[in-house]
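Please look through the structure below before reading on. The report that follows takes up its domains, a helix contact, a set of strands and some unusual backbone angles.

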Amino acid sequence: MPQIIDGKLISTQIKDELKEQVAAMKAEGVSICLAVIQVGNDPASSVYVNNKKKACAYIGIDSLSYELPEETTQEELIDLIKELNDRKDVNGILVQLPVPKHIDEDAIIRAIDPMKDVDGFHPQSVGALCIGQPGFVSCTPAGIIQLLKRSGIEIAGKECVVIGRSNIVGKPMSLLLLRENGTVTVTHSRTKDLQEVTKRADILIVAIGKPKMITKEYVKEGAVVIDVGIHRNEENKLCGDVDYDDVAPICSAITPVPGGVGPMTIAMLMNNCVESAVLNR
Ligand code: NAD
């Protein structure tokens, strides 16, 4: 039986540690505030935004909520971001993505002060990660590193294969594994023989966006498998990019979906908010 990596438990541990840290900071007169901006009323985005606000309340972080209409212009959104950049009482700024099509997502990300970029998407944050300097790290990959470390899984010297090269998961994931001294290979939709590469992995990180694509044929016996994918199947049940039932029997550790990587993203967002308050003190 593989070790089942419990993201729910680990994310709760992280949130409880942060709660204590925030209480200690409050006792010293330091408060922390996250501004969350949503443009339009996409139902999935509303769920994510609400979960983020709930996590803030649990930890003791104040949250400011901006629910802007769908027809908000790029200029109006950037003006609000600039106002929040200048506010001393705001530590973190998060614009829930995706934004409506008439708004340039990159321009919005670039408008956020890198010191308040708690999503870690600003080019300066990504550049800092790339050259090993301090900066905010994209929450999902940062959460995966925590999952591995807190489950006692060594990364240094291991063959790490990442499937997917997106800006929010695959690329920062590979840089973080490299920072942890893993030997890293990044694969993607143009990789010629995916199975041949993934079969070498001691640690396989799967962020493809294709339900249950990864079966045991892609996995080395005894590997650690981290599934980032989230989908709803025909029965409206959640599943990942990994065919869990097929892969679990041959690996040493695996994350389930739900309850694996998913809960870690918000925990690491909270971590970034606290870090932002510490840095800006
Ligand atoms: P994306 O669509 O931006 O990127 C997918 C990547 O997979 C691309 O780089 C592409 O090259 C690669 N790919 C596609 N088909 C492939 C194939 N046949 N073989 C090899 N590589 C292939 O997706 P993303 O934003 O990185 O997200 C990936 C998955 O993770 C999605 O299911 C998404 O919902 C999920 N996700 C979960 C969380 C979380 O908090 N758990 C956060 C972000 C994304």
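Two strands are said to pair if DSSP finds at least two bridges between them, and helices (H or I, at least four residues) and strands (E, at least two) are DSSP runs, numbered from the N terminus. This is a predicted model, in which local features need pLDDT of at least 70 and side-chain atom pairs count only at pLDDT 80 or more, while totals for chains, interfaces and linings use all residues. Residues are numbered from 1 along each chain as its sequence is written, and side-chain values use heavy atoms, with hydrogens and water left out.

Strand S8 (residues 224-227) pairs with strand S7 (residues 203-206) in the parallel sense over four bridges, and Ile-205 stands opposite Ile-226 in S8. Two bridges also join S8 to strand S11 (residues 253-254), and these two run parallel, with Val-225 opposite Ile-254 in S11. In a regular strand the side chains alternate between the two faces of the sheet. In S8, Val-224 and Ile-226 point one way and Val-225 and Asp-227 the other way, and all are buried (buried means under 20% relative accessible area, exposed over 50%, partly exposed in between, with a 1.4 Å probe and protein chains only).

The domain assignment, which is an automatic or database one, gives domain 1 (30-115) and domain 2 (139-262), and their C-alpha centres lie 29 Å apart.

The axes of helix H6 (residues 139-150) and helix H10 (residues 262-279) come within 8 Å and cross at roughly 100°, where axes are lines fitted to C-alpha atoms, for helices over the stretch in contact, and angles run from 0 to 180 degrees between N-to-C directions. H6 and H10 are therefore roughly perpendicular, a term for angles of 65 to 115 degrees. Contact means heavy atoms within 4.5 Å, and the residues making it include Cys-139 and Leu-147 of H6 and Met-264 and Asn-272 of H10.

Most residues other than glycine have a negative phi, and most peptide bonds are trans. The table lists the exceptions discussed here.

| Site | Backbone angle | Loop |
|---|---|---|
| Leu-97 to Pro-98 | cis, omega near 5° | between S4 (92-95) and H4 (105-111) |
| Val-257 to Pro-258 | cis, omega near 5° | between S11 and H10 |
| Asn-181 | phi near 70° | between H7 (170-179) and S6 (183-187) |
| Lys-212 | phi about 55° | between S7 and S8 |

Asn-181 is exposed, with a relative accessible area of 54%, whereas Lys-212 counts as partly exposed at 42% relative accessibility.

Key:
Angles under 35 degrees count as roughly parallel, over 145 as roughly antiparallel, 65 to 115 as roughly perpendicular and the rest as oblique.
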